[in-house]
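Please open the model in your viewer with side chains available as sticks, and follow the stops below in order.

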Amino acid sequence: MDRRRFLISAALPCLAPRAAMPAPSDAQFIVEARFYEKQPYRKIKCKLCPRECSIDDQERGYCGVRENRGGKYYSLVYARLCSANRDPIEKKPLFHFAPGSMAFSVATAGCNVNCKMCQNWEISQSRPEQIRATYTPPRTLASLAGQSQSSSIAYTYNEPTVFIEYVLDAAEAGRAAGLKNVVISGGYIQREPLLELCKRVDAIKIDLKAYSEKFYKEVVNGELKPVLDTIATIRKQGVWNEIVYLVIPTLNDSDEQFKGLARWIKTELGPDVPLHFTRFHPEYLLKNLPDTPVPTLERAKAIADAEGLNYVYIGNVPGHPAESTYCPKCRRVVVERMGFSISAFHLDRGKCQFCQTPIPGVWEGALHA
Amino acid sequence: MPPGATRRDLFRLCLGGTLVRPGWTAGAKSRVVIARDPMVRPSGGALDSARLAGLLDRAVQAVYECDSPLEAWKKIARPNEVVGLKVNCLAGRGGASTNPVLVDAVCERLRQAGIPDKNIVVWDRLHADLEHAGFRVASRKDRIRFLGNDDSGYESELAIFGSVGSLISKTVTQVCDAVISLPVLKDHGIVGVTMALKNFFGSIHNPNKYHTNAGDPYVADVNMLPPIREKVRLHICDAIAPQYEGGPSYMPQWAWPFNSLIASRDPVALDYTGWRIIEEQRAAKGLPTLQAAKREPVYIARAADAQHRLGTNDPALIEKVEA
């Protein structure tokens, strides 16, 4: 026996278990996409998001996860999970949705915008083949979420719009298993897929990046108007919705933007939609900016409060009093939070325990202190 | 400064004014060589490899203004350097991809110039793209390496310039000392044309993010990323059967026999020249200009501006040479 044969024979037992597992194959992640139009010369037009990419054969859309193959459009990220964690629902953040519960949170690669402040750019701005992933079909996901003692599945970290085929199927599997489904999105999606989504999920949190088309163009590479339309549609469809606004020093922190945003919410959605002003940390392409000063967040909240919004929060500042929910009538704390934990809960069947004022939200499934 | 530029960009920009970049010197005339041979692909069939090698020699010799082709090839890289050949294979086999016969000819000339096979790397975005374009990756008996970016991986630190932030292929950053770009002359349905500058979208992890606004300023910005800007030494554009419409996919009905190689050390001058050739063909076929088609390749002018200075798009500074 020569040295090579000896080494091979010695190594085989170590390799055997791996060899027995099915080799990961790209094919299992690929399904025909929904929401597209075929065009002449094997081109297609994507109808998933307002960008409406026109895509040649063998090319991908802006999101990097949907590909034209011979005039047929495919999602490359069906069940291709690159991240799965059990998170408090408060981390999404969703504050009026089953507080204290856990969300089994999953992501794939890809995104249909390119925010310069993205915290998850390693996955959101990558192509699927650049990220290690696990094949997790819908029923397996529902089973894993149940095993983890989570009460919901959260489609998050990257933009769920770009893996909508999987979200729609997984949400059905989740519901069949008694789980709720929540989507964390930038809201840059066309109406038809949005309506499909609204039929299957229980809450949608929208990251509204700014109240400024200029910001959307320069910092997000997207558009504001379609996102506002999305939020209004979600509200009309009766799906629970909260809005997060990441406040970035010098870029979207003017009084005019805060006031314009608060007025739009009150007029178009009503005063009861929770609005979270969250603190920016330097990331990705905006490492040259500082953390958001807490007084800036407090100024934003004061403006939104003054415009008449009932539930305005400050986020990413653990221990800040504005993490808690206050009854808009008696001003007592009804849900007290410390970071992602619930430290006190004073709601009874969705009403303030002190003055019986109804507090809007989805309180069923709340696991409180 | 472009929007989103950082203090580091400013610093680099200031330095850039004093550095001589490989391939092009600010203010100097840029030579673009168009080497033609109507018999290189007789009857539109297979390439005549001997004639193509001759065409290649004429092109490179004229770029470097040397007395012999070998002398010119020796100017591109030293024998101890690893030379990367960046091909464009996206369109697959048949056309609109860099022809493997051209790549073979370049490899042969590099060998003759003293570059050993082990120091030659042919690369593009994906290993599968190379195979689909007809490169016999697995069956080669020599030691030339064929790498997709999926083989070599990407750097983990972002490279940033202007509007782009990308992870660069390790083939560029860690494997190659010098790069010869071998793009294809063709129309592009979003950014107008794709040749020398656009070819380096195949060196980054997120090219899909940079096609908006007809690739402006992204194409120019990607070429400013230091490993790309510093390592590319020559561009030889495959214009044997260019495509004036329907690109970047291969659409044979819009390809025509131009039977040429276009070579330059200045990617901007090469792209400007190639763009004009495509516009002439479009006009001859009754098609609108790329501007009228709303995809004028304005990124070419951007690459020549004061923030980039990757070359010149000024016709008065482009010395067009027929060889």
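Begin by selecting A:Glu196 and A:Arg200, which both sit in helix 5 of chain A, four residues apart, or about one turn of the helix. This is a predicted model, as should be kept in mind at every stop. With the two side chains shown, look for the salt bridge between A:Glu196 and A:Arg200, whose closest N and O atoms are 3.1 Å apart. Are these two residues buried or exposed? A:Glu196 is buried, because its relative accessible area is 15%, and A:Arg200 likewise counts as buried, at 16% relative accessibility.

Next, move to chain B and select B:Arg233 together with B:Glu81, whose side chains meet in a salt bridge at 2.8 Å, N to O. This pair links distant parts of the chain, 152 residues apart: B:Arg233 belongs to strand 10 (residues 232–243) of chain B, whereas B:Glu81 lies in the loop between helix 3 (69–76) and strand 2 (83–87) of that chain. B:Glu81 has a relative accessible area of 7% and is therefore buried. Returning to chain A, extend the earlier selection to A:Arg34, A:Glu172, A:Glu196, A:Lys199 and A:Arg200, which are joined into one network by salt bridges that share partners.

For another salt bridge, select A:Lys47 and A:Glu37, where the N to O distance is 3.9 Å. Here too the pair links distant parts of the chain, ten residues apart, with A:Lys47 in the loop between strand 3 (43–46) and strand 4 (54–55) of chain A and A:Glu37 in strand 2 (residues 36–39) of chain A. A:Lys47 is partly exposed, with a relative accessible area of 24%, and A:Glu37 is partly exposed as well, at 36%. Over all chains, a search of the whole structure finds 41 salt bridges.

Now select helix 7 (residues 224–236) of chain A, a run of 13 residues that reaches 19 Å from its first C-alpha to its last, close to the 18 Å expected at 1.5 Å a residue. Colouring by accessibility should bring out its buried residues, which are A:Leu224, A:Pro226, A:Val227, A:Leu228, A:Thr230, A:Ile231, A:Ala232, A:Thr233 and A:Ile234. What covers the buried residues of helix 7? The covering elements include helix 5 (191–200), strand 13 (203–207), helix 6 (213–220), strand 14 (240–247) and helix 8 (255–268) of chain A. Just after helix 7, pause at A:Gly238, which takes a positive phi of about 80°.

From there, go to the loop between strand 14 and helix 8 of chain A, where A:Thr250 is found. A:Thr250 is exposed, because its relative accessible area is 62%. Add A:Thr292 to the selection, and the C-alpha to C-alpha distance from A:Thr250 reads 9.5 Å, although the two residues are 42 apart in sequence.

Finally, display both chains and select the interface, where 30 residues of chain B are in contact with 26 residues of chain A. The area buried between the chains is about 2200 Å², of which carbon and sulfur atoms give 49%. Within chain B, highlight B:His205, B:Asn208 and B:Lys209, which lose the most area to chain A and together account for 27% of what that side buries. How many salt bridges does the rule find across the interface of chain B and chain A? The rule finds zero there, while ten residue pairs, both at pLDDT 80 or more, are in polar contact between the chains. By class, the side of chain B that touches chain A has 15 nonpolar, 13 polar and two charged residues.

Definitions and conventions: Residues are numbered from 1 along each chain as its sequence is written. Chains are lettered from A and ligands numbered from 1 in the order in which they are written. This is a predicted model: local features need pLDDT of at least 70, side-chain atom pairs count only at pLDDT 80 or more; totals for chains, interfaces and linings use all residues. Side-chain values use heavy atoms; hydrogens and water are left out. Helices (H or I, at least four residues) and strands (E, at least two) are DSSP runs, numbered from the N terminus. The expected span of a helix is 1.5 Å times one less than its number of residues. Buried means under 20% relative accessible area, exposed over 50%, partly exposed in between (1.4 Å probe, protein chains only). Contact means heavy atoms within 4.5 Å. Buried area is the accessible area (1.4 Å probe) that two parts lose on being put together, summed over both. A salt bridge is a side-chain nitrogen of Lys or Arg within 4 Å of a carboxyl oxygen of Asp or Glu. A polar contact is a pair of N or O atoms within 3.5 Å; within protein, one must be able to donate a hydrogen and the other to accept it, and residues adjacent in sequence count only if both atoms are side-chain atoms. Ala, Val, Leu, Ile, Met, Phe, Trp, Tyr, Cys and Pro count as nonpolar, Asp, Glu, Lys and Arg as charged, and the others, Gly among them, as polar.
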